[in-house]
Amino acid sequence: MVEAANNAIPTCPECGAARPDPSRVCPACGAPPMREDDKRARDNEVRTEDLEPYVALRYIARLFKVLAVIILVMLIGEVVTGIVTSGVAAFMTLLAEATRLLVLAGLLWAGGDITILIIDAGHDLRVARILLGRINAAMHERELREKNR
């Protein structure tokens with residue numbers, strides 16, 4: 001009996017489908033390959049590792065926001081320098097430049113927010129795919145149990 005359990009075909013921890021070669025992507029749901037020390041073989045929850053493949057996008061979001069702040073600091077420096085060197089005569093030029101830089105900083109900040117939105121949407125899609133795979137596997141198991149009765 002122990003020998004039969006050792007020779008059993010492994011199942012995908014994401015969807016429960018038979019997975020003859022766990023070192024390859026699951027043919028049923030597309031789950032990544034499994035390793036010996038893979039927690040997915042033991043746990044059924046949606047793991048943090050499944051939700052955090054977007055490290056580069058997080059850095060891009062931070063970069064956009066940091067650039068927006070740097071542009072605002074440069075704008076303050078430009079206004080102070082313009083007023084100190086040219087006085088009130090530079091007001092119209094500084095106003096035009098300030099408008100341009102504020103728009104650019106706003107666009108960069110919005111780019112960072114959109115990047116975070118993309119990350120959240122990716123998490124939602126990945127979780128939905130994993131949970132749908134599990135529901136599909138549970139339905140197949142129930143169907144097999146009903147056929148065997």
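## Exercises on a four-helix model

Cys12 sits in the loop between helix H1 (2–6) and helix H2 (48–51); helices are DSSP runs of H or I with at least four residues, strands are E runs of at least two, and both are numbered from the N terminus. Before we start, note that this is a predicted model, in which local features need pLDDT of at least 70, side-chain atom pairs count only at pLDDT 80 or more, and totals for chains, interfaces and linings use all residues. Residues are numbered from 1 along each chain as its sequence is written, and side-chain values use heavy atoms, leaving out hydrogens and water.

### Exercise 1: The setting of Cys12

Work out whether Cys12 is buried or exposed, and list its contacts beyond four places in sequence.

*Step 1.* Take the cut-offs: buried is under 20% relative accessible area, exposed is over 50%, and partly exposed is in between (1.4 Å probe, protein chains only). Cys12 has 2% relative accessibility, so Cys12 counts as buried.

*Step 2.* Now the contacts, meaning heavy atoms within 4.5 Å. Leaving aside neighbours within four places in sequence, Cys12 touches Ala17, Arg19, Cys26, Cys29 and Ala31.

*Step 3.* Add a distance: Pro22 is ten residues from Cys12 in sequence, and their C-alpha atoms are 7.7 Å apart.

### Exercise 2: Checking helix H3

Compare the expected span of helix H3 with the distance between its end C-alpha atoms.

*Step 1.* The expected span is 1.5 Å times one less than the number of residues. Helix H3 covers residues 55–86, which is 32 residues, so it should span 46 Å.

*Step 2.* In the model, the end C-alpha atoms of H3 are 46 Å apart, which agrees.

*Step 3.* Look along the helix for buried positions: in H3 these are Ala61, Lys65, Ala68, Ile71, Leu75 and Gly82. The buried residues of H3 pack against helix H4 (91–148).

*Step 4.* Go just past the end of H3, where Gly87 has a positive phi of about 75 degrees.

### Exercise 3: Finding the cores

Identify the residues of the largest nonpolar core and the elements that supply two or more of them.

*Step 1.* A nonpolar core is a set of buried Ala, Val, Leu, Ile, Met, Phe, Trp, Tyr and Cys residues joined through side-chain atoms within 4.5 Å. The largest has seven residues: Ala68, Ile71, Leu75, Ala98, Leu101, Ala105 and Leu108.

*Step 2.* H3 and H4 are the elements that give two or more residues to this core, and H4 gives the most, with four.

*Step 3.* Try Leu75 as an example: outside its neighbours within four places in sequence, Leu75 contacts Ala98, Leu101 and Leu102.

*Step 4.* A second, separate core has six residues, among them Cys12, Cys26, Cys29 and Ala137.

As background, nonpolar side chains in soluble globular proteins tend to be buried together.

### Exercise 4: Salt bridges

Find how many salt bridges the whole structure has, and place each pair.

*Step 1.* The criterion is a side-chain nitrogen of Lys or Arg within 4 Å of a carboxyl oxygen of Asp or Glu. The search finds three.

*Step 2.* Lys65 pairs with Asp113, with the closest N and O atoms 2.6 Å apart. Lys65 is in helix H3 and Asp113 in helix H4, so this pair ties together parts that are 48 residues apart in sequence. Lys65 counts as buried at 18% relative accessibility, while Asp113 is partly exposed at 38%.

*Step 3.* Arg100 pairs with Glu97, also with closest N and O atoms 2.6 Å apart. These two are three residues apart in helix H4, so about one helical turn separates them. Arg100 is exposed at 54%, and Glu97 is partly exposed at 21%.

*Step 4.* Glu143 pairs with Lys147, with the closest N and O atoms 3.8 Å apart. Being four residues apart in helix H4, they too are separated by about one helical turn.

### Exercise 5: Where to read with care

Name the elements with the lowest and highest mean pLDDT, then locate stretches where pLDDT stays under 50.

*Step 1.* pLDDT is the predictor's confidence in each residue, from 0 to 100. The mean for the protein chain is 79, and 82% of its residues reach 70 or more.

*Step 2.* H1 has the lowest mean among the elements (42), and H3 has the highest (91).

*Step 3.* Residues 1–6 stay under 50, with zero contacts beyond four places in sequence. Residues 40–44 also stay under 50, but have eleven such contacts in the model.

*Step 4.* Where pLDDT is low, the predicted coordinates should not be read in detail.
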